Amino acid sequence: MHLIPVPMKQLLYIASLCVAGLFASCDDYLTVEAPDQLTSTNFWRDQKDAEAGIASAYSQLHFGDQYSFAEIKWPVEAYREDIIQMGADAMNYPNWVDLSQFTYTNGNSQLSYYWRFHYLGINFANQVLEKVALIPDGKIDPTIREQIVNEAHFLRGYYHMMLLLNWKDIIIRDKYITNTGELNKGLTPRTQAWDFVVEELAQATKLPTRYDVDNVGRATCGAAYAYLGYAYLTRSYEEPEQKDIYLAKAVEAFNQVKGYELVKDFLSMFNGTNKNSPESIFEIQFSLNTANGAFYRTSLHKWIGSAELMGWDEIIPSPKLVNEFMLEGETATTGRYDSRLYATLFMNNDYFNDGTGRVFGYNYNDWFENKERVVFRKYLPSTYEELKLNTCAINVPLMRYANVLLMKAEALNQQGHPEQAIPLINEVRKVHGDMPPMKGTTQEQVRSQIEHERMLEFPLETFRGYDLRRWGTLHVADKNKHSFYPVPLTELNANEALKE
């Protein structure tokens, strides 16, 4: 009998039950309090249980409740960037201030939570990889079994990769742990950790190209190839003796990301009106549905929104970002600045004060009283009614086709082929920015243009810090100390192998 997979929308709700109840009830639950605390279960009986397990692995992308999603992800990933600044209210939270000012220690709570949630995701992926293989034939469709296993490989690779992008040395958790002693494991040399990530993502390239409408949001082979290319591109800088090999592998992986296209309406990908768009390769799913007690919604719009727009004023664009948007002048085909500016920011200019209600039905000056204040528009909902709500269900794209095109352009340029990189850059400029073709043809000019485009393309998508480190241009006082975060104190206290 052919068993139908549980739709992705239902997986979100199953995950909440799985995390909150099923796993916690097992007799071999590990009670040791560690940042990557692991649980075990013996309920893996059929395909429904397999779907619940992989849903729990996906659920760790949400960083917990409606508040912690924003309060962990963006302080850790974005506050270190030079294109953003802390909002007025954010200054009331010392742990956030320390991240922004590079005065943090290994006791910083946000770092500990970030580390913990990624290892929880790894934990669930490890359980899936071991337990799904043991489900009896006839209780699960073999095609679905293979798919779920490969999804677990992707998620295990993704979670480890995000840790590697933020920590120089991490612990590779590659097996399902059944006793507390196995939690005591040392740090893995960085090159070996990258090898593991690459192997996981390569395995995940066997995933389907796409899913039906009920399962949109699950990892695809396109996502695996995109992150595989990203891993190789990063390694080409970190391991210069292997530069040519890794650049070639990066381009090869990016070439396999097929079936996607740039979305003309840039803003629609970030305000909830175009979820899982044709440009989206991997995207965190949110929903206002509360079936079975699930709560997959977030207060991200409040966290990002300015005080004038009924938000909490936690993050604002820096002058550097604003200046970068205006760098090329009003040269877009619209007669204005790069169109991404107006989709990313609200500011005091004619566009937002023309009487057409572009700021939630009003002019900019109606909200800001003629202040010269620039705030984020990205990740705010599309309507005034939604803006007033305490929660929203705006999806968060983690990997877009525009990123693949620009990373591929970077790899080609690094290979000495700026002429092959330029058309990719111009494609993104034309579709998202309404901008004319870039000027310049040399490798250095293309390198500079890529940095410019990535600054305009990805504000609040938290790639800037990783870009700067990859290029060796981190804007911090002590690059040796602050290029990566320290291993959290919670891990050092719980892991005997890390104690001096």
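**Close-up 1. What comes right after helix H4 in this predicted model.** Phenylalanine 102 follows H4, and its phi is positive, near 60°. Step back into the helix itself, residues 94-101, and you'll find three buried residues: Trp96, Val97 and Leu99. Looking down the axis of H4, these buried residues fall within an arc of 160°, so they line one face of the helix. And what sits over them? The cover includes helix H3 (68-77), strand S1 (84-86), helix H5 (109-131) and helix H10 (300-304).

**Close-up 2. The largest nonpolar core and its best-connected members.** This core counts 150 residues, and the ones touching the most other members are Trp74, Phe154, Tyr227, Phe282, Leu309 and Ile315. Helix H6, spanning residues 142-166, is the top contributor to the core, giving 13 residues. As a rule, nonpolar side chains in soluble globular proteins tend to be buried together.

**Close-up 3. Zooming in on leucine 309 and its contacts.** Set aside its neighbours within four places in sequence, and leucine 309 is in contact with four aromatic-ring names you can pick out quickly, Phe346, Phe360, Trp367 and Phe368, among others. Also on its contact list are Val359, Val375, Leu380 and Leu387. Leu309 is also one of the core members that touch the most others.

**Close-up 4. A look into the second largest pocket.** Its volume is about 330 Å³. Of the 18 residues lining this pocket, Arg210, Val216, Thr220, Tyr260 and Ser280 come closest to its centre. Sorted by class, the lining is a mix: six nonpolar, eight polar and four charged residues.

Technical notes: Residues are numbered from 1 along each chain as its sequence is written. This is a predicted model: local features need pLDDT of at least 70, side-chain atom pairs count only at pLDDT 80 or more; totals for chains, interfaces and linings use all residues. Side-chain values use heavy atoms; hydrogens and water are left out. A nonpolar core is a set of buried Ala, Val, Leu, Ile, Met, Phe, Trp, Tyr and Cys residues joined through side-chain atoms within 4.5 Å. Buried means under 20% relative accessible area, exposed over 50%, partly exposed in between (1.4 Å probe, protein chains only). Helices (H or I, at least four residues) and strands (E, at least two) are DSSP runs, numbered from the N terminus. Contact means heavy atoms within 4.5 Å. The arc is that of the directions from the helix axis to the C-beta atoms. On a 1 Å grid over the protein atoms alone, a cavity is a set of points where a 1.4 Å probe fits but cannot get out, and a pocket is an open set with protein on both sides within 12 Å along at least five of seven lines; lining residues have an atom within 4 Å of a point. Grid points are joined across faces, edges and corners, and a volume is the space filled by probe spheres set on the points. Ala, Val, Leu, Ile, Met, Phe, Trp, Tyr, Cys and Pro count as nonpolar, Asp, Glu, Lys and Arg as charged, and the others, Gly among them, as polar.
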